[in-house]
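User: I have a model open and want to learn how to read its features. Can you take me through them one by one?
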Amino acid sequence: MMKRLLLAATCMILPLAPAAALADGIVDVATIGEPPTLDPMASTADVVGMTTQHIFETLFTYDDQWNVVPLLAATMPEISEDGTVYDITLRDDVPFHDGTIMDSSDVVAAIERWMDIASRGKQAAPYIKEVTATGDDSVQIVLNEPYAPLMSLLAFNNSAAVIMPKENLAEPLTKFIGTGPYMLKEHRPDQYIQLVRFDDYAARSEPANGFSGKREAVLDEIRFVPVSDPNTRLEGIVSGQFDFAESLPTENFSRIEDSDQAVPVVLDPYGAPVFVMNTKEGMMTNKGIRHAVQEALNPEDMLLAAFGDPKFFAVNGALYPDNYVWHTEDGIERYGDADPMAAKEMLEEAGYDGSPLRILTSRQYEFHYKMAQVAAEYLKMAGFPVELEVYDWATLTQRRADPALWDIFITHGPFPAEPALNGWMSDDYPGWWASDAKHAVTGPFLAESDPEKRKELFAEVQKAFYEDAPVFKVGDFNSLSAEAVTLEDFQPSPWPYFWNVSTENGK
């Protein structure tokens, strides 16, 4: 097979080719590690969303242009003129993996649980007055006031509003039963998550288009294999052990390109690595100290250490790249000064007491760790005694939930089509940015429905982001993964999916 380089922009997922006829086959997907949970509501970790989107589904999803479209809903909702009432009709005869049929009572119970435990749901909850069943196949969401991101939040597969049988909605979740094209057969922690085809899956009839349209379980099985070391993931994909490997070191691009077994998959641009500061407890509750961190860090040096080749990154303080409608330069004056001596003076003015600065990071995302090493040196020059705490990703996501355990953690994410989907927009996302300054700008932005006015209001959000300094955006980056040359009809995505995909080897 002729090797090819797959390039995709996160602002546009390419339309899927028609799936092959139903055929036997198994794919092994090397992930960055064991997911902290298989409950898609309970975590914002990408490895959770990537895995569980095959098991569970939402009322709505995204097409290849990041438009919200129906999935378990039959059509787009009818919305009242004042934007506060959403009437949603459900698809008929959609079975869960246990053989029961989805109805409105399942949807109401699932959305209520989502509002209670999911960080995305908690974002929406203050705006939602009630969720009720208006028939066996219809629900109504009534808002206290207009809330522009509602549909995007309901469609997102991260901290997702997935629909499950109401009888299973325990906390924590113990039965992982959804409506998706694959169902959970076996989970051996730190070994594999085995998904098998759901033969009674009720697919949509529209042509596949991004995450939307017809989803077909072509493969017999998908096995998600946690492989915490990025070089082991690399060796596995170039040797033919894996069919897909995520988050690979960018310096190995040519190694993949020269392989007879694998093809590079580059998402350009993918998203942004960020340093999230703990505004709830500890030294980072002091805005002056957060400003000192902003002043000290050198984004270019961190990006060079993390990605090496400038073709994989851009030094950019704007929260969105210039090819996004949300791009603005407003407020970024605090970005990229890289002046630890000035930061040292700022620390003195802020009354810093010399406490160790605890940074959580992980080597499962090797670029996180490399950025942490560079950041630590700049922060030491500014006067911080730095403690780098290195954990596997599942442990890091657990520790970051406790504000007593850290001051900064490092993460990353794609550029979402709706800014409200950025983790830091939620008051409940670890870091807990919930200041009056934030609410003064996010309130009008979230309530406004006019696209042009929302763009203007987002510029005010970005200004507050830099002035309040809850998060340090390092820059923009392109992600590198790889697929086996035997994989057919795979389409690049920030959250790789394997419905409508087949494999030549039929292993």
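Analyst: Start with burial. Glu418 counts as buried because its relative accessibility is 5%. Keep in mind that this is a predicted model.

User: Which residue does Glu418 meet in a salt bridge?

Analyst: Arg454 is the partner, and the N to O distance is 2.8 Å. Arg454 is buried too, with a relative accessible area of 6%.

User: Where do Arg454 and Glu418 lie?

Analyst: Arg454 belongs to helix 13. Glu418 sits in the loop between strand 17 (408–414) and helix 12 (436–447). The two are 36 residues apart in sequence, so the salt bridge ties those parts together.

User: How many salt bridges does the model have?

Analyst: The count is 22. One of them joins Arg113 and Glu171, whose closest N and O atoms are 3.0 Å apart. This pair links distant parts of the chain, 58 residues apart. Arg113 is in helix 2 (residues 104–117), while Glu171 is in the loop between helix 4 (150–155) and strand 9.

User: Is each partner buried or exposed, Arg113 and Glu171?

Analyst: Arg113 counts as buried, at 7% relative accessibility. Glu171 is exposed, because its relative accessible area of 54% is over the 50% cut-off.

User: What about Lys473 and Asp476, buried or exposed?

Analyst: Both are buried. They form a salt bridge, with the closest N and O atoms 2.6 Å apart.

User: Which residues are linked in a network of salt bridges?

Analyst: Lys287, Arg334, Glu467 and Asp468 are linked in this way. Remember Lys287, Glu467 and Asp468. They come back in the next feature, where helix 7 meets helix 13.

User: At what angle do helix 7 and helix 13 pack?

Analyst: The angle is about 100 degrees, and the axes are 8 Å apart. Angles of 65 to 115 degrees count as roughly perpendicular. Helix 7 and helix 13 are therefore roughly perpendicular to each other. Helix 7 spans residues 287–296 and helix 13 residues 451–468.

User: Which residues meet there?

Analyst: Helix 7 brings Lys287, Arg290, His291 and Gln294. Helix 13 brings Tyr466, Glu467 and Asp468. By type, this contact has four charged residues, two polar and one nonpolar.

User: Now the sheets. How do strands of a sheet pair?

Analyst: They pair through backbone hydrogen bonds, in either a parallel or an antiparallel arrangement. Here, an open sheet of four strands runs in the order 5-6-8-7, with antiparallel pairing.

User: Which strands stand at the edges?

Analyst: Strand 5 (78–79) and strand 7 (128–135) do. Each has a single partner strand, so one side of each lacks a neighbour in the sheet. Inside the order, strand 6 (residues 85–89) pairs with strand 8 (residues 138–143) over five antiparallel bridges. To find the register, look at Tyr86: its bridge partner in strand 8 is Ile141.

User: Which helix packs on the sheet?

Analyst: Helix 2 does, touching strand 7 and strand 8. Its direction makes about 165 degrees with that of strand 7. Helix 2 is also where you met Arg113.

User: And a hairpin: how many residues lie between strand 9 and strand 10?

Analyst: Three. Within this hairpin, Asp190 takes a positive phi near 70 degrees. Strand 9 (residues 182–188) and strand 10 (residues 192–197) pair in the antiparallel sense over six bridges. Check Arg188, which stands opposite Tyr192 in strand 10.

Terms used:
Residues are numbered from 1 along each chain as its sequence is written. This is a predicted model: local features need pLDDT of at least 70, side-chain atom pairs count only at pLDDT 80 or more; totals for chains, interfaces and linings use all residues. Side-chain values use heavy atoms; hydrogens and water are left out. Two strands pair if DSSP finds at least two bridges between them. Axes are lines fitted to C-alpha atoms, for helices over the stretch in contact, and angles run from 0 to 180 degrees between N-to-C directions. Angles under 35 degrees count as roughly parallel, over 145 as roughly antiparallel, 65 to 115 as roughly perpendicular and the rest as oblique. Contact means heavy atoms within 4.5 Å. Ala, Val, Leu, Ile, Met, Phe, Trp, Tyr, Cys and Pro count as nonpolar, Asp, Glu, Lys and Arg as charged, and the others, Gly among them, as polar. A salt bridge is a side-chain nitrogen of Lys or Arg within 4 Å of a carboxyl oxygen of Asp or Glu. Buried means under 20% relative accessible area, exposed over 50%, partly exposed in between (1.4 Å probe, protein chains only).
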